[in-house]
Amino acid sequence: MFRNTFQSGFLSILYSIGSKPLQIWDKEVQNGHIKRCTDEDIQSSALELMATNVSTNYISCPADPQQSLGIKLPFLVLIVKNMKKYFTFEVQILDDKNVRRRFRASNYQSTTRVKPFICTMPLRLDEGWNQIQFNLSDFTRRAYGTNYVETLRVQVHANCRIRRIYFSDRLYSEEELPPEFKLFLPIQIFKRVLCTVAESMKPFAGAKPIR
């Protein structure tokens, strides 16, 4: 999908304010909803995924299961709101052994498990809005001893609110981010402590509150 696109800096695949935020995404909805709403904290639009069962309510990109993203940028960033319910997301990548691997992060898991084709990991989110930074290159090397080549697919499940999902060539400080990639929050939201992951996950993934 993006394989022949020049990739540097930022590459956004979902922005809740856009006219068609799910234009390149497929939706699966059972016993819940996927809709755009106005979030009270940011006083702006967010995409809300809510369901009684996280496995049956999700969005996936690209929409066509025969296509792949072909994104080579190694950092995946999700700006999501903790809805204090079960939440999970999954990333499928291709490594230099030409093997498809998946990483699945969930807030209802307590330990990391690495299998030949999937690595599942716990993710602990802070209250309110969080920025999840996913170092795909580092995770691939640590979990499988191979090198990250590109991301093929991203799937986000209930329950959460999403502001933006994007890839970047490196981690950027808040000062370096373009204005449209920042989340402007009231000052009282800034006082949340830094979100940390479970001890068993420290080598893998982390999320931090928006500042």
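This report describes contacts, cores and backbone turns in a predicted protein model.

Residues are numbered from 1 along each chain as its sequence is written. In this predicted model, local features need pLDDT of at least 70, side-chain atom pairs count only at pLDDT 80 or more, and totals for chains, interfaces and linings use all residues, while side-chain values use heavy atoms and leave out hydrogens and water.

## Salt bridges

Side chains of opposite charge can pair when their charged atoms come close. A salt bridge here is a side-chain nitrogen of Lys or Arg within 4 Å of a carboxyl oxygen of Asp or Glu. The count by this rule is 14 salt bridges. The table lists some of them.

| Pair | N to O distance | Citation |
|---|---|---|
| Lys81 and Asp39 | 2.7 Å | salt bridge |
| Arg102 and Glu90 | 3.1 Å | salt bridge |
| Asp138 and Arg141 | 3.3 Å | salt bridge |

Take the salt bridge of Lys81 and Asp39, with N to O at 2.7 Å. Lys81 is in strand β6 and Asp39 in strand β3 (residues 32-39), so the pair ties together parts that are 42 residues apart in sequence. Helices (H or I, at least four residues) and strands (E, at least two) are DSSP runs, numbered from the N terminus. Are Lys81 and Asp39 buried or exposed? Both are buried. Buried means under 20% relative accessible area, exposed means over 50%, and partly exposed lies in between (1.4 Å probe, protein chains only). Lys81 and Asp39 also belong to a network of salt bridges with Glu40, Asp41, Glu48 and Arg161.

Next come Arg102 and Glu90, whose side chains meet in a salt bridge at 3.1 Å, N to O. This pair links distant parts of the chain: Arg102 is in strand β8 and Glu90 in strand β7, 12 residues apart. Arg102 is partly exposed, at 29% relative accessible area. Glu90 is buried, at 12%.

Asp138 and Arg141 both sit in helix α1 (residues 136-144). They are three residues apart, about one turn of the helix. Asp138 counts as buried at 15% relative accessibility, while Arg141 is partly exposed at 43%. Other buried residues of α1 include Leu136, Phe139 and Ala143. Just after α1, Gly145 has a positive phi of about 70°.

## Aromatic rings

A pair of aromatic rings is described by the distance of the centres and the angle of the planes. Rings of Phe, Tyr and Trp (its six-membered ring) pair if their centres lie within 6.5 Å; planes under 30 degrees apart count as stacked, over 60 as edge-to-face and the rest as tilted. That gives 11 aromatic pairs. One is Tyr86 with Tyr108, a tilted pair at 4.9 Å centre to centre and 50° between the planes. Tyr86 is in the loop between β6 and β7 (88-95), and Tyr108 is in the loop between β8 (100-106) and β9 (113-114), 22 residues apart. Tyr86 is exposed at 55%. Tyr108 is partly exposed at 38%.

Phe87, Phe89, Phe103, Phe134, Phe139 and Tyr144 form one aromatic cluster. Arg101 lies over the face of Tyr144, 4.3 Å from the ring centre. Likewise, the charged end of Arg164 sits over the ring of Tyr15, 3.7 Å from its centre. For such a charge, NZ of Lys or CZ of Arg is within 6 Å of the ring centre and within 35 degrees of the ring normal.

## Nonpolar cores

A nonpolar core is a set of buried Ala, Val, Leu, Ile, Met, Phe, Trp, Tyr and Cys residues joined through side-chain atoms within 4.5 Å. The largest has 42 residues. Which members touch the most others? They are Trp25, Ile59, Phe89, Phe134, Val156 and Ile162. Apart from this core lies another of 10 residues, among them Ala46, Ile79, Tyr172 and Leu183.

## Backbone details

Most residues other than glycine have a negative phi, and most peptide bonds are trans. The bond from Cys61 to Pro62 is cis, with omega near 5°. Pro62 is in the loop between β5 (58-61) and β6. Ala158 and Asn159 are also joined by a cis peptide bond, with omega about 10°.

Asn31 has a positive phi near 50°. Asn31 counts as exposed, at 60% relative accessibility. Lys84 has a positive phi near 60° and is exposed at 62%.
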